[in-house]
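Here is a short, friendly tour of the fold you are about to see. Keep the model open beside you as you read.

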Amino acid sequence: MLKVVFILVTISSLTAWAEPAVAQPKSDSRPDEAKCGSVEYRAIFIDRTQKMYGAIVAPIERVPPSEAEFLRREIEDSLWSENKGRFKIAQSNRFYHALQVQDAYERLCDKLAFAKKAESAKEATQLIFDAYDAAHQLTLALRDYLDFDERRNPPVVPTDKRVELYNELAFAPSLFHISFRCALSQWH
């Protein structure tokens, strides 16, 4: 019972994020399919999605730029040289998992920006799907980070926040489903 209440509270807090300039769809109803495929509504849903994922990654530690550059180079070099030992050393760096989250979030934001600028419903659908795939990769990186962080002493993310993040990750894809439906509703 407590989990259901917690998830409902989390869902209601996540749906209140967007403050767009155009009229928003009512939170208690499905979007009007005649309007929801429009550029304005697509922008609303994309902004909501970006804000939601931004809030999810906010508690994750930021990787110092010099450390990020070093790790990216080490990972790339180890993969190109097929040196598993070197890759494992890079993975053991305390910032490895945080960098995976940081990079995955940046890729998601890039994909969402492309989807926001789509000129046709078909293009929007494809770009939203690409963003959905990037969100899935971010989810995997976040789970790996949270598992890694839980084993640290002390962890960066407190236990109660970790539970909250897992619940938010379960809800997050729903905005993509709305965006898909809206974009597809405009196909003729």
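**Briefing: helices and how they pack**

From start to end, the chain runs in the pattern α-α-α-α-α-α-α-α-α. Please keep in mind that this is a predicted model. The chain counts nine helices and zero strands, and 40% of its 188 residues are buried.

**The chain as a whole**

- Among contacts with a separation of 6 or more, 74% join residues that lie 24 or more positions apart.
- The exposed surface of the chain comes to about 11,200 Å², and 57% of it is supplied by carbon and sulfur atoms.

**The largest nonpolar core**

- In soluble globular proteins, nonpolar side chains tend to be buried together.
- The largest nonpolar core here holds 47 residues, and the members that touch the most others are Y53, I56, V101, L108, L138, L142 and F176.
- At least two core residues come from each of α3 (39-57), α4 (65-80), α6 (96-116), α7 (121-150), α8 (159-171) and α9 (174-185).
- Which helix gives the most to this core? That is α7, with 11 residues.
- L138 is a good place to start looking: once neighbours within four places in sequence are set aside, L138 is in contact with Y53, V57, V101, A104, Y105 and L108.

**α3 against α6**

- The axes of α3 and α6 are 10 Å apart, and the two helices pack at an angle of about 175°.
- Angles over 145 degrees count as roughly antiparallel, and α3 and α6 are therefore roughly antiparallel to each other.
- On the α3 side, the residues that meet α6 are R42, A43, I46, D47, T49, Q50, Y53, G54 and V57. Their partners in α6 are V101, Y105, L108, C109, L112, A115 and K116.
- Sorted by class, the residues of this contact of α3 with α6 are 10 nonpolar, three polar and three charged.

**α3 against α7**

- With α7, the packing angle of α3 is about 10°, and the axes are 12 Å apart.
- Are these two helices roughly parallel or roughly antiparallel? The angle makes α3 roughly parallel to α7, since angles under 35 degrees count that way.
- R42, Y53, I56 and V57 of α3 meet A124, I128, A135, L138, T139 and L142 of α7.
- The contact of α3 with α7 has eight nonpolar residues, one polar and one charged.
- Y53 is worth selecting in your viewer: Y53 is listed in the contact of α3 with α6, and Y53 also takes part in the contact of α3 with α7.

**Two residues to look up**

- Q102 sits in helix α6. Its relative accessible area is 8%, so Q102 is buried, the limit for that class being under 20%.
- Not counting residues up to four places away in sequence, Q102 touches R62, V63 and R72.
- Y145 belongs to helix α7. Is Y145 buried or exposed? With a relative accessibility of 0%, Y145 counts as buried.
- Beyond its neighbours within four places in sequence, Y145 is in contact with I60, E61, H97, A98, V101, R152, V156 and V157. One of these, V101, is also listed among the core residues that touch the most other members.
- Along the chain, Y145 and Q100 are 45 residues apart, and their C-alpha atoms are separated by 8.1 Å.

Note on methods: Residues are numbered from 1 along each chain as its sequence is written. This is a predicted model: local features need pLDDT of at least 70, side-chain atom pairs count only at pLDDT 80 or more; totals for chains, interfaces and linings use all residues. Side-chain values use heavy atoms; hydrogens and water are left out. A nonpolar core is a set of buried Ala, Val, Leu, Ile, Met, Phe, Trp, Tyr and Cys residues joined through side-chain atoms within 4.5 Å. Buried means under 20% relative accessible area, exposed over 50%, partly exposed in between (1.4 Å probe, protein chains only). Helices (H or I, at least four residues) and strands (E, at least two) are DSSP runs, numbered from the N terminus. Contact means heavy atoms within 4.5 Å. Axes are lines fitted to C-alpha atoms, for helices over the stretch in contact, and angles run from 0 to 180 degrees between N-to-C directions. Angles under 35 degrees count as roughly parallel, over 145 as roughly antiparallel, 65 to 115 as roughly perpendicular and the rest as oblique. Ala, Val, Leu, Ile, Met, Phe, Trp, Tyr, Cys and Pro count as nonpolar, Asp, Glu, Lys and Arg as charged, and the others, Gly among them, as polar. Accessible areas come from the Shrake-Rupley method with a 1.4 Å probe; for residues, only the protein chains shown count as cover.
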